[in-house]
Amino acid sequence: MQALDAMVKEARQLALGEVVPVPASTAAEDEVARQLQICNACRYCEGFCAVFPAMTRRLAFPTADVHYLANLCHNCGACLHACQYAPPHAFAVNVPQAMARVRARTYQDYAWPPVLGRLYERNGLTLSVALAGGLGLFLALAVALKGGLWQAVPAGGHFYDLFPHNLIVGLFAPVFLFAVLALALGVRRFWQAVTPVTGAVAVSGPAGAEAAADIAQLRYLDGGHGQGCHEADDGPTLARRRFHHLTFYGFLLCFAATAVATLYHYALGLPAPYDLPSLPKLLGAVGGVMLMVGSAGLGWLHLRRHSLHGDAAQRPMDRGFIALLFLTSASGLALWLARGSAAMPLTLCLHLGAVMALFATLPYGKFAHGIFRSAALLRYAVEKRLPNPVGAGGE
Ligand code: SF4
Ligand code: SF4
């Protein structure tokens, strides 16, 4: 009860805009600050991405600045492969790896409610439990409601015959709304911490438009020269940017399909289910294929990544999230193919279990990177329009 009271109190504080203290620095933040002092003297990578122009506006790197810069980094690897001070040099400059370690800490430190931020540390376990729990729930419900997982579906039958529409909405809506609330309050804590160190100025229209374009294009996955990220070696490739685009826009189309279907069902009096050529089905089918191809490509690239890229400790979180996206999209398409067959009930349980696990882990897994990075890009678009306080470098 006390924990619930504390959560409500903090949610109210955040909603009212009261300042939440910046977490204390750790060895991860100190290491980024050390490396950026070297970079600030060198500045060879100034044109690569937003991190370096933002760095040149600073002479010191307190914790909030490091959190902001770490979330501006897109982990493209360009500055590692260009760096004359990278390992095995004694300076051991590996900016993408140091930034990745801090990024993971920011998701954890700013998470809401704070006690659940620890789930990031054990994300592999969290994902497994969520997936097993989601699957178990729907398998048990299927048996309880209809008495079997492998049964012929009557002609013209649909999966809503197995799980009524209102039951599905009643199970998913609270989990999804909690995920949205937790993500919103988490990123608000981050925003409050980094706003004072990025000019403390509100977002203007041009700044918002520029940040939106950078997010939509995944601009900083171009390596700074337009040829893309580094994956397995020194050679740049646009593969990650393209697979990331497929994943990002596939996810958005699937979300749009659900939103349009909700509108059809509750506002327009056109009850679910829908099939081709309806708009919800078209959006869902195109989005599902894009999400499946994009997540498969990202998974393949992740397995080939250079060992010095990123933070090895976060690989289970990264791969778990990619696998869950793939499983959700592939099972959704399989469910469509299995409609009317005896395989439909089991395919439906697999799909609903995967979607439930995805929703439940959204605020405490890799999905957070998109939200925090977008917030950092927005602050960057604001900050770059202000006079440079150091008076050297910048975009
Ligand atoms: S990453 Fe290396 S080359 Fe690039 S600015 Fe830093 S020290 Fe210089
Ligand atoms: S890894 Fe890429 S995005 Fe990150 S700091 Fe280096 S050049 Fe910038």
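Which residues in α2 are buried? In this predicted model, they are Ala28, Glu29, Val32, Ala33, Gln35, Leu36 and Cys39. The buried residues of α2 make their packing contacts with α3 (51-55), α4 (63-72) and α6.

The length of α2 can be checked against its residue count. With 16 residues at 1.5 Å a residue, the expected span is 22 Å, and the end C-alpha atoms lie 23 Å apart, so the two values agree. Just after α2, Arg43 has a positive phi of about 60°.

**Overall composition**

The protein contains 14 helices and two strands. Of its 395 residues, 41% are buried. Among contacts with a separation of 6 or more, 75% join residues that are 24 or more positions apart.

**Ligand shells**

Ligand 1 is surrounded by 13 residues, and the closest of them are Cys39, Cys42, Tyr44, Cys45 and Cys83. Two helices, α2 (27-42) and α5 (78-82), each supply at least two residues of this shell. The largest contribution is that of α2, with three residues. By class, the shell around ligand 1 holds eleven nonpolar residues, one polar and one charged.

Around ligand 2 there are 15 residues, of which Cys49, Cys73, Cys76, Cys79 and Pro96 come nearest. Here the elements giving two or more residues are α5 and α6 (95-109). The largest share comes from α6, with three residues. The shell around ligand 2 has twelve nonpolar and three polar residues, and no charged ones.

Cys39 appears both among the buried residues of α2 and among the closest residues to ligand 1.

**Nonpolar core**

Nonpolar side chains in soluble globular proteins tend to be buried together. The largest nonpolar core has 95 residues, and those touching the most other members are Val32, Val51, Leu69, Leu72, Met99, Ala354 and Ala357. Helix α13 (residues 344-361) gives the largest share of this core, twelve residues. Both domain 1 (2-113) and domain 2 (121-367) contribute residues, so the core lies between them.

Leu72 shows what such a position touches. Leaving out residues up to four places away in sequence, Leu72 is in contact with Ala50, Val51, Ala54, Ala376, Leu377 and Tyr380. Val32, another of the core residues that touch the most other members, is one of the buried residues of α2.

**Backbone exceptions**

Two peptide bonds are listed here with their omega values.

| Peptide bond | Geometry | Omega |
|---|---|---|
| Pro87 to Pro88 | cis | near 15° |
| Trp112 to Pro113 | cis | near -10° |

Pro88 sits in the loop between α5 and α6. Pro113 is in the loop between α6 and α7 (123-146).

Positive phi values also occur in residues other than glycine. Asn75 has phi near 60° and is found in the loop between α4 and α5. Is Asn75 buried or exposed? Asn75 has 23 C-beta neighbours inside 10 Å, and the threshold for burial is 20 or more, so Asn75 counts as buried.

Leu218 likewise has a positive phi, of about 50°, and is placed in the loop between α9 (205-217) and β1 (229-230). Leu218 counts as partly exposed because it has 17 C-beta neighbours inside 10 Å.

Conventions:
Residues numbered from 1 in each chain as written. Chains lettered and ligands numbered in written order. Predicted model: local features only at pLDDT ≥ 70, side-chain atom pairs only at ≥ 80, totals over all residues. Near = placed C-beta within 6 Å. Helix = DSSP H or I, 4+ residues; strand = E, 2+ residues; numbered from the N terminus. Nonpolar A, V, L, I, M, F, W, Y, C, P; charged D, E, K, R; others polar. Expected span 1.5 Å × (residues − 1). Buried ≥ 20, exposed ≤ 12 C-beta atoms within 10 Å, placed from the backbone. Contact = placed C-beta atoms within 7 Å. Core = buried A, V, L, I, M, F, W, Y, C linked by C-beta atoms within 7 Å. Domains from an automatic or database assignment.
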